[in-house]
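Open the model in your viewer and keep the sequence panel at hand. The stops below are given in the order in which to select them.

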Amino acid sequence: MTKTQTISRRPTFAEARKLLAKFGSPLFVTYKDTIQENVDLYYKYFSSFSGGFTLAYSVKTNNNPLLLEIFRQRNVMAEVCSQSDIRAAKMAGYRGPEMVFDGLIKTDADLLGAIKDGVSIINLESMGEAVRLARLASREKKIVEVGIRLSFPSSRVGLKSLLGISYDRFGVDRASGQAAQLAEFVLCQKYLRLVGLHCHTGSNQKSSSHYLTGINEITSFMKYLKNRHNCEIKILNLGGGFGVPEITAYKIADLATLAIRRLLRKPTDFSHRPFNFRKMASDIVFHLERKLDEYRLPYPRLMLEPGRSLVGNTTHLLTTILEVKQTPKNNWLIIDAGTNLMPVLTFYSEHHDILVETRSKIKQITSIAGPLLYSSDSLVSGRVLPEGKTSDAVIICDTGAYFACQANQFLYPRAASVLIDGKNSRVIERRETTSDLFARIV
Ligand SMILES: Cc1ncc(COP(=O)(O)O)c(C=O)c1O
């Protein structure tokens with residue numbers, strides 16, 4: 001069978017039981033095979049780009065060094081954006097030249113570390129950062145290869161924009177001339193080399209449309225740099241952002257529909273939006289080659305640095321029902337993992353499948369909450385799920401991206417993580433203890 005996307009492998013309840021008995025609950029479980037399949041898919045569909053293709057993994061998505069090792073072994077670079085990302089990458093055996101350094105804010109210490117480590121490219125976010133980097137590079141007398149991150153020209157209206165979250169702080173704007181000013185500054189610096197352009201076009205995307213906009217933005221700027229400064233870009237980085245078949249980001253209309261259905265006490269059924277990775281990839285490659293040809297530009301190397309689509313569907317959170325509680329309004333399942341392990345904005349803004357172990361055939365409209373004495377620790381409501389019993393397992397599916405790495409210790413220590421490699425399972429991050437929680441108290 002030709003695969004156009006990977007399928008999340010999920011544990012059966014018998015497997016979940018065994019894992020919970022062996023390693024405790026709650027537990028993040030990651031399938032190594034699915035990581036490898038996700039990586040292979042990128043190589044399969046993007047290697048057709050004539051300029052060459054480099055894949056990097058966005059370390060912040062899940063920075064467990066033992067997972068990073070799997071990426072390194074498959075020649076995937078590490079996209080890092082903080083000192084802790086760099087530390088995790090080094091623990092996994094990455095060296096500076098195998099790292100791409102992004103990040104809204106890079107302190108002088110970060111930049112100096114990156115220069116000393118010989119990081120392959122530093123993607124600049126602002127003029128201030130460029131000035132500081134130029135100073136440090138000339139002090140160290142080291143040539144540093146840099147990229148410029150262009151802001152994505154977004155007019156998106158989504159849940160985050162309604163909450164007042166705007167993306168224009170990332171990168172520099174091309175249309176207003178800010179990007180040109182930054183390029184001119186870099187091109188005059190003895191120790192900086194402008195080799196890359198970067199544009200991250202958003203997250204959880206299931207169509208190529210934003211990538212095509214990003215390509216237009218980058219290639220227009222490449223044309224400007226070539227004509228004005230005779231500068232040729234060698235690395236064209238389109239960021240991350242690919243969606244995951246089993247995770248669907250809610251649109252505002254979805255949230256409104258779900259809210260109305262809850263008010264009417266109707267089931268809040270939801271279907272994942274279809275997604276064709278192969279088509280997205282071929283649209284991107286086709287459009288990129290067309291634009292480069294149109295502007296008569298030499299082909300740079302295409303770089304992608306996805307996170308979510310490499311790990312999102314590789315991992316599931318196994319939990320246990322602590323209490324079943326019927327109120328006049330709800331059938332509650334209270335489980336041992338809540339918004340401490342499922343960060344509120346991540347979990348509330350995307351639909352994840354939830355599987356409830358059951359020995360009964362009854363299904364009912366169900367609400368699920370975590371264990372926290374905190375009103376927002378309500379995970380789902382209105383879903384039709386099998387009737388669960390105390391001690392049954394509940395599997396929160398496809399929690400590989402932005403879950404374990406954003407988990408916090410509010411009221412309960414963080415969960416352990418286990419890697420499944422064929423028939424073997426091993427702990428890759430031990431369960432946090434209450435002693436860990438107080439280790440920093442002086
Ligand atoms: C610059 C950059 N690169 C890569 C990523 C990874 O994105 P995703 O996890 O959606 O693939 C992000 C996510 O915010 C990002 O900001």
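**Stop 1: a buried aspartate**

Select D398, which is buried, with 26 other C-beta atoms within 10 Å. The cut-off for calling a residue buried is 20 or more such atoms, so D398 qualifies. Bear in mind throughout that this is a predicted model. D398 sits in the loop between β17 (393-396) and β18 (416-421). Check its backbone: phi is near 60 degrees, a positive value in a residue other than glycine.

**Stop 2: an exposed asparagine**

Where is the next residue with a positive phi, N75, to be found? Go to the loop that connects α3 (65-73) with β3 (77-80). The phi of N75 is about 60 degrees, although N75 is not a glycine. Is N75 buried or exposed? N75 is exposed, because its count is 11 other C-beta atoms within 10 Å and the limit for exposed is 12 or fewer.

**Stop 3: a cis peptide bond**

Move to S25 and P26 and display the backbone between them. The peptide bond joining S25 and P26 is cis, with omega about -5 degrees. P26 belongs to the loop that runs between α1 (13-23) and β1 (27-31).

**Stop 4: the barrel**

Now switch to a cartoon view and select β2, β3, β4, β5, β6, β7, β8 and β10. These eight strands form a closed barrel in the order β2-β3-β4-β5-β6-β7-β8-β10, and their pairing is parallel. From one strand to the next, the twist averages 30 degrees.

For one pair in detail, pick β4 (residues 99-101) and β5 (residues 121-124). The two strands run parallel and are joined by two bridges. Within this pair, F101 of the selection stands opposite I122 in β5.

Add helix α4 (residues 83-91), which packs on the sheet and touches β3 and β4. The direction of α4 makes about 160 degrees with that of β3.

Then add helix α2 (residues 32-46). Which strands does α2 lie across? The helix crosses β2 (53-58) and β10 (301-304), running at about 150 degrees to β2.

**Stop 5: around the ligand**

Finish at the ligand and show the residues around it. How many are there, and which come nearest? There are 16, of which S58, S203, G240, G307 and R308 come nearest. Colour the shell by class to see three nonpolar, nine polar and four charged residues.

Notes. Residues are numbered from 1 along each chain as its sequence is written. This is a predicted model: local features need pLDDT of at least 70, side-chain atom pairs count only at pLDDT 80 or more; totals for chains, interfaces and linings use all residues. Helices (H or I, at least four residues) and strands (E, at least two) are DSSP runs, numbered from the N terminus. A residue is near a molecule or strand if its C-beta atom, placed from the backbone, lies within 6 Å of it. Ala, Val, Leu, Ile, Met, Phe, Trp, Tyr, Cys and Pro count as nonpolar, Asp, Glu, Lys and Arg as charged, and the others, Gly among them, as polar. Two strands pair if DSSP finds at least two bridges between them. Axes are lines fitted to C-alpha atoms, for helices over the stretch in contact, and angles run from 0 to 180 degrees between N-to-C directions. Two residues are in contact if their C-beta atoms, placed from the backbone, lie within 7 Å.
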